[in-house]
Amino acid sequence: MSLLNNLFNRGLLGQKCKTCLTLAISRIKLLQNKRDGQLKIMRKEIAQFIQAGQEAIARIRVEHVIRERNIWDAYEILEMFCEFVLARVPILESQRECPSELREAVASIIFAAPRCSDLPDLLHVRNLFAAKYGKEFIAAASELRPDTSVNRTIIEKLSVSTPSAEVKLNILKDIAREYNVYWDSSKTEAEFCKKPEDLLNGPKQIAAPTLAASQPDIRKQSPILEHSNISSSVQQGQFHQSPTVVSSSSQSTAKKPNTPSAKDRIGGPHIGNKETSSQSSDVLEKARAAIAAAERASATARAAAELVNLKFSSVKLEEAKS
């Protein structure tokens, strides 16, 4: 008989599933009572922070309150689903596929089991469902595929997304109203409406003055660049000019003596270049003259040394003869 039950996937839930569901229901009730006391303490602390003017700490603590409240709501729905499945375990055993009226409860338990670490009994129920319906059914419910029927409220309550600013503001107002704390929420509303700055690009108020400050430098340097470009272009034009072009330009200047030519307009820079070149040639001539004088001095020193050597050698010869 047990072999036939195994062939038809029957007898895999039975008493184990009932025991795990019963333990999960009792554990959920204990956790809900514990969270009720924690939520009261946390709300009271937030009211004290608001009264003391420490709104920044209250804005952070309210997220913990929202998280605990969401878990409490999810546990309440799971408790209802566990009782519903517990009452219909014989129907699950008698059918090969999951019944349509139990699909939402079973899929919700499978989805919530790994996300509720305080309820290890749900993991055992999930393993029993995996042995009954296969791993594909478990994966579809865990990954929230389109063909699953997981409860939308459980998905929202067990999500790890940050609560919106409107939700946090409403809960802070409820806490202040509950503990009769006068609170001006304008500062908190302005803080919630503030958009976070882009840390990669940086604030735009700092980038604009730097660009404006760098523009005058470019303007100051632009005449020098224009002067160098003009001089280089003129030099290239003079280098590549043919005699016919020069003669034609001289004729045009003769015809129009009042109009200044390109050479006259750019004469200043060329005169400066000639002066610098003459100065550099003078420096070179002076250096050459100094080198020649040094060579002459070294030649005279060598001649004097040779004379001294000759006198010294003649004196030695005389002494030797005597």
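Helices, at least four residues long, and strands, at least two, are taken as DSSP runs and numbered from the N terminus. On that basis the protein chain of this predicted model holds 14 helices and 0 strands. Read from the N terminus, the order of elements is α-α-α-α-α-α-α-α-α-α-α-α-α-α. The protein chain has 322 residues, of which 26% are buried. Among its contacts with a separation of 6 or more, 74% link residues 24 or more positions apart.

Three helix pairs were examined, two of them involving α2. Helix α2 spans residues 14–51 and helix α6 spans residues 120–133; their axes come within 8 Å and cross at roughly 155°. Because this crossing angle is over 145°, α2 counts as roughly antiparallel to α6. The handedness of the α2 and α6 crossing is left-handed. On the α2 side the contact is made by K16, C17, C20, L21, L23, A24 and R27, and on the α6 side by P120, D121, L122, H124, V125 and L128. By class, the residues in this contact of α2 with α6 comprise 9 nonpolar, 1 polar and 3 charged.

Helix α2 also packs against α9, with axes that come within 9 Å and cross at roughly 85°. Since angles of 65 to 115 degrees count as roughly perpendicular, α2 and α9 fall into that class. The α2 residues in this contact are R43, I46, A47 and I50, which meet I171, L172, D174, I175 and E178 of α9. The contact of α2 with α9 contains 6 nonpolar and 3 charged residues, with no polar ones.

The third pair consists of α9 and α10, whose axes come within 10 Å and cross at roughly 165°. The angle is over 145°, so α9 is roughly antiparallel to α10. In this case the crossing is right-handed. From α9, residues A165, K168, L169, L172 and K173 take part, facing T188, E189 and F192 in α10. The contact of α9 with α10 divides into 4 nonpolar, 1 polar and 3 charged residues. L172 of α9 thus appears both in the contact with α2 and in the contact with α10.

Two serines were considered individually. S142 lies in helix α7, which covers residues 135–142. The relative accessible area of S142 is 18%, and because the cut-off for burial is under 20%, S142 counts as buried. Its side chain is joined to that of R126 by a polar contact of 3.1 Å. With neighbours within four places in sequence left aside, the contacts of S142 are I110, F111, R115 and R126. R126 is therefore listed both as a contact of S142 and as its polar partner, given that a polar contact requires N or O atoms within 3.5 Å and contact in general requires heavy atoms within 4.5 Å.

S159 is placed in the loop between α8 (152–157) and α9 (165–178). Its relative accessible area is 28%, which makes S159 partly exposed. The side chain of S159 forms a polar contact of 3.5 Å with the side chain of S161. S159 and N70 are 89 residues apart along the chain, yet their C-alpha atoms are separated by 9.0 Å.

Backbone geometry was also examined at two loop residues. L144 is not a glycine but has a positive phi of about 55°. This residue is found in the loop between α7 and α8. The relative accessibility of L144 is 34%, and L144 counts as partly exposed because this value lies between the 20% and 50% cut-offs. N180, likewise a residue other than glycine, has a positive phi near 55°. N180 is found in the loop between α9 and α10, the latter covering residues 186–193. At 72% relative accessibility N180 is above the 50% cut-off and therefore counts as exposed.

How values were computed. Residues numbered from 1 in each chain as written. Predicted model: local features only at pLDDT ≥ 70, side-chain atom pairs only at ≥ 80, totals over all residues. Heavy atoms only, no water. Axes fitted to C-alpha atoms, helices over the stretch in contact; angles between N-to-C directions. Parallel < 35°, antiparallel > 145°, perpendicular 65-115°, else oblique. Left-handed = near helix turned anticlockwise from the far one by under 90°. Nonpolar A, V, L, I, M, F, W, Y, C, P; charged D, E, K, R; others polar. Buried < 20%, exposed > 50% of the residue type's maximum accessible area, 1.4 Å probe, protein only. Polar contact = N/O pair within 3.5 Å; in protein donor to acceptor, adjacent residues only side chain to side chain.
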